[in-house]
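User: I have a protein–DNA model open and would like to go through it with you. Could we start with the DNA contacts?
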Amino acid sequence: MEHKGPVLAPPYEPLPVHIDSHFIAPAEEVATFFAKMLDHEYTTKEMFRKNFYKDWRKEMTSEEKSKITDINKCNFTEMSEYFKAQSEARKQMSKDEKLENERILQEYGFCVMDNHKERIGNFRIEPPGLFRGRGDHPKMGMLKRRIRPEDIIINCSKDSKHPKPPQGTRWKEVRHDNKVTWLVSWTENIQGSIKYIMLNPSSRIKGEKDWQKYETARRLKKCVERLRAQYREDWKSKEMRVRQRAVALYFIDKLALRAGNEKEEGETADTVGCCSLRVEHIKLYSKMDDQEYVVEFDFLGKDSIRYYNKMPVEKRVFKNLQLFLENKQPEDDLFDRLNTSILNKHLQELMDGLTAKVFRTYNASITLQQQLKELTSPDESIPAKILSYNRANRAVAILCNHQRAAPKTFEKSMQNLQTKIDEKQKQLSATRKQLKGAKTEHKASHDDRSKKMVEVKRKAVQRIEEQLMKLQMQATDREENKQIALGTSKLNYLDPRISVAWVKKWDVPMEKIYNKTQREKFAWAIDMAEEDYEF
DNA sequence: AAGGGCACTTAGGATTAGGCGA
DNA sequence: TCGCCTAATCCTAAGTGCCCTT
């Protein structure tokens, strides 16, 4: 392994003299971080302002400290306007910058691993700024400090050309550990966690891991019925811990919930997964509308995305849940005899390599395969096939609760599309009229010229019909996708060989399903899978 | 079995590039 | 050719899961 090391964040450039920030670096720099975010909702949040202010003060001189007593009296708008103008200006002269970016990519964006040139994923060190946690994060607004060469650990081969630190500096450490895949690491100051520079998804090492992941999920496919029978049996166990384990596993299997590791309170946003569900996150309804034994889930999961679902469960599960809830407070754990480590240990005994997250991969992939089978009709057009594919993908995204905020421009973009459809419709009826006219004329004259005209118009009508249909499919697709994110499941949960096989079977161009980056990431699958591939 | 450290995958939002119609 | 809009890419936070120590 040989590489050039990371690209460091550019040093701070003090504000020009005509902007009086009332500060000198480093407090000025920290102030600019806030100013750059001024348009964002973050800066209005109490916690964000409080954390920012506390860290900001640490950077001030004693003079600055005595001048500034209250963040609410600080006005960042002049700085903010300055940065807005700067980024406008940068847009104009972006050509040189693009060239420079390309040069940096060529120099730092690649490494040589086992004699192969490979693309590096994130070769830039994260620049300093204000921490933006997701959801209700207790540390939002804290200062994320600048990473210096002295903070950075380099990992490369002993006999390779070692990356050079900038003049006058040194790395924290240069090590030669071939048991791990990272090239560069450092510790960030907000959570104290380690950050890494690793290879791009197109690399051999990432591809092989990805392939392995899906092979494990396919092994689960072979024994999943046995496991299901097992956990259903365990619902009746004498032991509470076994019952809890079995009900949790049922949720993970049926609802594709995440495992739910414990988190340190006060360090992160309050989110949960299956094993960390609390009493307050579920409600039981012995009857709801025309259904019996309904469980209502309402909690914040990864990235503070809300999971809301109502599911009828079997009577035995329902009775167990009632039991688990007995004599508990809302903030108590639902599964008090269970955690992810216990669950995974159990799963490991059931199948080699089995963990909670394999269920998500398995259920996602098998759902895609089933949905594709169900939704694709042989005689439909290519655009219709793509709609079917996206709908299958969507079923998975819904299962995995992959949501997104509706795009800010959603309404407008729908409207634009509708306008196009209306225009196309008008064009269609006009052309149909012309076709009718041509037919009438041909009936009257029976000559060659009019016959040709009928053909021309017939073709035109057909073409416009196709265009119209394509637009309508697009509109349907976009509407259905308003709050659903397809990318995450496509990239992380769906065995790409299923898609490759589908594409080959129905002669759909690969690039309609996978863009360039995705084709690079899934090159192994494109190579491997034929149209008869079964997950 | 509790708890921290570490390495890796998964995640949604922000930013940028580039395709397309005027 | 320009400007707008969408799609692609970038960014980095937030998970999972295993290992080691006590």
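User: How far is a polar backbone atom of Ala259 from a phosphate oxygen of DNA strand C?
Analyst: In this predicted model, the distance between a polar backbone atom of Ala259 and a phosphate oxygen of DNA strand C is 3.3 Å. A backbone N or O atom of Arg134 is 2.7 Å from a phosphate oxygen of that strand. Arg478 contributes through its side chain, where an N or O atom lies 3.5 Å from a phosphate oxygen of DNA strand C.

User: Which elements give two or more residues to the surface near DNA strand C?
Analyst: These are α10 and α12, the latter spanning residues 410-445.

User: And which residues come nearest to DNA strand C?
Analyst: There are 28 residues around DNA strand C, and Arg134, Lys195, Gly260, Ser413 and Thr517 come nearest. Of the atoms of DNA strand C that come within 4 Å of the protein, 87% are accounted for by sugar and phosphate.

User: How does the surface near DNA strand C divide by class?
Analyst: It has 12 charged, 12 polar and four nonpolar residues.

User: Let us turn to the other strand. Which residues come nearest to DNA strand B?
Analyst: Lys206, Lys213, Lys302, Arg360 and Tyr493 come nearest, out of 27 residues around DNA strand B. Sugar or phosphate supplies 88% of the atoms of DNA strand B within 4 Å of the protein, and bases supply the rest.

User: Where does the side chain of Tyr493 meet DNA strand B?
Analyst: A polar atom of the Tyr493 side chain lies 2.9 Å from a phosphate oxygen of DNA strand B. Thr488 also has a side-chain N or O atom 2.8 Å from a phosphate oxygen of DNA strand B. With Gln403, a backbone N or O atom lies 3.3 Å from a phosphate oxygen of the strand.

User: Which elements give two or more residues there, near DNA strand B?
Analyst: They are β8 (194-197), α6, α10 and α14 (487-492). Of these, α6 gives the most, with three residues. By class, the surface near DNA strand B has 12 charged, seven polar and eight nonpolar residues.

User: Now the protein interior. Which residues touch the most other members of the largest nonpolar core?
Analyst: Leu220, Phe251, Phe297 and Phe335 do, within a core of 74 residues. Another core lies apart from it, with 26 residues that include Trp56, Met60, Cys74 and Leu130.

User: What does Phe297 touch, leaving aside residues up to four places away in sequence?
Analyst: Phe297 touches Phe251, Leu255, Leu277, His281, Ile282, Tyr307, Tyr308, Asn309 and Met311.

User: His281 is on that list. Is His281 buried or exposed?
Analyst: His281 counts as buried because its relative accessible area is 10%, and the cut-off for buried is under 20%. His281 is placed in the loop between α7 and β9 (282-288). Beyond four places in sequence, His281 touches Val272, Glu296, Phe297, Asp298 and Phe299.

User: What about Arg148, where is it?
Analyst: Arg148 is in the loop between β4 (143-144) and β5 (153-155). Its relative accessibility is 44%, so Arg148 counts as partly exposed. Its C-alpha atom is 9.3 Å from that of Ile125, although the two residues are 23 apart along the chain.

User: Let us look at α9. Which of its residues are buried?
Analyst: Helix α9 covers residues 340-350, and its buried residues are Thr340, Leu343, His346, Leu347 and Leu350. They lie on the same side of α9 because they cover an arc of only 130° around the axis.

User: What do the buried residues of α9 pack against?
Analyst: They pack against α6 (204-234), α7 (240-255) and α10 (356-375). The face of α9 turned away from this buried side carries Lys345 and Glu349, both exposed.

User: What happens at the start of α9?
Analyst: There, a side-chain oxygen of Asn339 comes to within 3.0 Å of the backbone nitrogen of Ser341.

User: Finally, the whole chain. How many helices and strands does chain A have?
Analyst: Chain A has 17 helices and 11 strands. It comprises 535 residues, of which 43% count as buried. Its C-alpha atoms fill a box of roughly 100 × 75 × 55 Å along the principal axes. Among contacts in chain A with a separation of 6 or more, 66% come from residues 24 or more positions apart.

Technical notes: Residues are numbered from 1 along each chain as its sequence is written. Chains are lettered from A and ligands numbered from 1 in the order in which they are written. This is a predicted model: local features need pLDDT of at least 70, side-chain atom pairs count only at pLDDT 80 or more; totals for chains, interfaces and linings use all residues. Side-chain values use heavy atoms; hydrogens and water are left out. A nonpolar core is a set of buried Ala, Val, Leu, Ile, Met, Phe, Trp, Tyr and Cys residues joined through side-chain atoms within 4.5 Å. Buried means under 20% relative accessible area, exposed over 50%, partly exposed in between (1.4 Å probe, protein chains only). Contact means heavy atoms within 4.5 Å. Helices (H or I, at least four residues) and strands (E, at least two) are DSSP runs, numbered from the N terminus. The arc is that of the directions from the helix axis to the C-beta atoms. A polar contact is a pair of N or O atoms within 3.5 Å; within protein, one must be able to donate a hydrogen and the other to accept it, and residues adjacent in sequence count only if both atoms are side-chain atoms. A residue is near a molecule or strand if one of its heavy atoms lies within 4 Å of it. Ala, Val, Leu, Ile, Met, Phe, Trp, Tyr, Cys and Pro count as nonpolar, Asp, Glu, Lys and Arg as charged, and the others, Gly among them, as polar.
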